[in-house]
Amino acid sequence: MVACTLQYIPEILHTNDRQPIEVFTVGEFMYRRCKPEYLDNPFGNINLTELSHNRSGFGDQILSDENDVLYSIKIYEEIEIYNDQQISTLEIISLNQENKYCKIFEQMKDGNKIIARMDILHDPEPCMLPHCIFRIWVGDDKITSDNYKVTLKKFNEIRNKIREELTSMIIKERCQNNFPI
Amino acid sequence: MKNDFAHIIFKEEILQSNAFGSQYREYFGENNGPTFNNPLSEDINSIYNAISLKYTGLSNFQKDVLNKLFNTFNEIIKRIDPNRLKSFEYFLNDDDELLLYRNTKTGLVNLIVNPEECVAYSYIGKGDDVRILKFYEIDGDFESLAYHFFSK
């Protein structure tokens, strides 16, 4: 893993040589920043390509505070903190027997059963150890911004089911940005 | 949607409603504001016009659904307590779906109008496990859909 070079990111968030933690815990929080105008309905206005979140960790393995998701980890961005954004918090409410998040969604289309899967993957970035993504598969296709229009966008019922699933996990509607400046 | 003359007739109709006429008279008397916080037919029509003007790229399917939906809103005004009609928000999302939604004390209600296929109704309760997701075709029961939208 490449070392984090952003000086304003606390050392505790640097990934360094730490490995992804593949399992999750029921009750663990997932934090996502969003514009205040979309806080009421944060998953209504976005396409569903690899949604970034920060995981909180759980118990004695706390990985991040909710405000950490407001840090910019992109070198080319001029801002350090998204002070104009707020935080939407999800709670993991169920896991499979391997303590992984994996949800299946189905839709009939033109006589065919379409099956999609949504996973949460711990995907550390050099400057953000708790970084995770919601990854979606339709059949064998991993959904990316490149293939979104010809895959997931064609399946309205599945998209709505995924949005409903994500929205049902929201536990805090209005978490103010109280980042210490 | 109704033209101005039809509005006047419609207004008279709901003012004379046996069940809620007195409440509508109160609303008309007390609140002449242009927003949907005043839950009257004029406001419903103004929201319809605002959506149509703001999102000029709506598909024919979306325009048809919107028209049918808002006509239904105007119809059910005659039959439900106007206090049940609360304001709602709307936007066109990145998937070109038109979302009408209400974030209430009990939960989040979404009406999602897809560009070409269907309308989805979803309700996700707060503080309980109630989750509803239904899909409607263009010839579906929009009256029940409208009641669902405003009843939570």
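Colleague: Which residues have the most contacts inside the largest nonpolar core?

Modeller: The model is predicted, and the reading should be taken in that light. In soluble globular proteins, nonpolar side chains tend to be buried together. Here the largest nonpolar core has 27 residues, and Ala116(A), Ile136(A), Leu152(A) and Ile162(A) have the most contacts inside it.

Colleague: Which elements give two or more residues to this core?

Modeller: They are strand 1 (29–34), strand 5 (86–91), strand 7 (112–122), strand 8 (131–138) and helix 1 (156–168), which belong to chain A. Strand 8 of chain A supplies the largest share of the core, 4 residues. Another core, of 23 residues, lies apart from this one and includes Phe70(B), Val113(B), Tyr121(B) and Phe149(B).

Colleague: With which residues is Ile162(A) in contact, leaving aside its neighbours within four places in sequence?

Modeller: Ile162(A) is in contact with Leu48(A), Phe105(A), Met118(A) and Ile136(A). Ile136(A) was also named among the residues with the most contacts inside the core.

Colleague: How should the overall fold of chain A be read, and what pattern does chain A follow along the sequence?

Modeller: Chain A has 1 helix and 10 strands, and their succession is β-β-β-β-β-β-β-β-β-α-β. Contacts between residues 24 or more positions apart make up 66% of those in chain A with a separation of 6 or more. Of its 181 residues, 35% count as buried.

Colleague: What radius of gyration does chain A have, and what would a compact globule have?

Modeller: A compact globule of 181 residues would have a radius of gyration near 16 Å; chain A has 17 Å, which agrees. The C-alpha trace of chain A spans about 55 × 35 × 30 Å along its principal axes.

Colleague: Let us return to strand 8 of chain A. How many bridges join strand 7 of chain A to strand 8 of chain A?

Modeller: In a regular strand the side chains alternate between the two faces of the sheet. As for the pairing, strands 7 and 8 of chain A run antiparallel and are joined by 7 bridges; His122(A) stands opposite Cys132(A) of strand 8. Strand 2 (residues 51–55) of chain A also pairs with strand 8 in the antiparallel sense, over 4 bridges. In that pairing, Cys132(A) is the bridge partner of His53(A).

Colleague: What do strand 8 of chain A and strand 9 of chain A form?

Modeller: They form a hairpin with 2 residues between the strands, and Gly139(A) in the turn has a positive phi of about 60°. The two strands pair in the antiparallel sense over 2 bridges, with Asp141(A) as the bridge partner of Val138(A).

Colleague: Turning to chain B, what order does the open sheet of 5 strands have?

Modeller: The order is 1-2-3-4-5, with antiparallel pairing. Strand 1 (89–92) and strand 5 (131–136) of chain B stand at the edges with a single partner strand each, so one side of each has no neighbour in the sheet. Neighbouring strands of this sheet are turned by 15° against each other on average, direction ignored. Within it, strand 2 (residues 98–103) and strand 3 (residues 107–113) of chain B are antiparallel and joined by 6 bridges, and Asn103(B) has Leu108(B) as its bridge partner.

Colleague: Does Asn45(B) count as buried or exposed?

Modeller: Asn45(B), in helix 3 (residues 41–54) of chain B, counts as buried because it has 21 C-beta neighbours inside 10 Å.

Colleague: How many residues does the contact take from chain A and from chain B?

Modeller: The contact takes 15 residues from chain A and 20 residues from chain B. The side of chain A that touches chain B has 1 nonpolar, 8 polar and 6 charged residues.

Technical notes: Residues are numbered from 1 along each chain as its sequence is written. Chains are lettered from A and ligands numbered from 1 in the order in which they are written. This is a predicted model: local features need pLDDT of at least 70, side-chain atom pairs count only at pLDDT 80 or more; totals for chains, interfaces and linings use all residues. A nonpolar core is a set of buried Ala, Val, Leu, Ile, Met, Phe, Trp, Tyr and Cys residues joined through C-beta atoms within 7 Å. A residue is buried if 20 or more other C-beta atoms lie within 10 Å of its own, exposed if 12 or fewer, and partly exposed in between; C-beta atoms are placed from the backbone. Two residues are in contact if their C-beta atoms, placed from the backbone, lie within 7 Å. Ala, Val, Leu, Ile, Met, Phe, Trp, Tyr, Cys and Pro count as nonpolar, Asp, Glu, Lys and Arg as charged, and the others, Gly among them, as polar. The radius of gyration is taken over C-alpha atoms; the globule rule is 2.2 Å times the number of residues to the power 0.38. Two strands pair if DSSP finds at least two bridges between them. Axes are lines fitted to C-alpha atoms, for helices over the stretch in contact, and angles run from 0 to 180 degrees between N-to-C directions.
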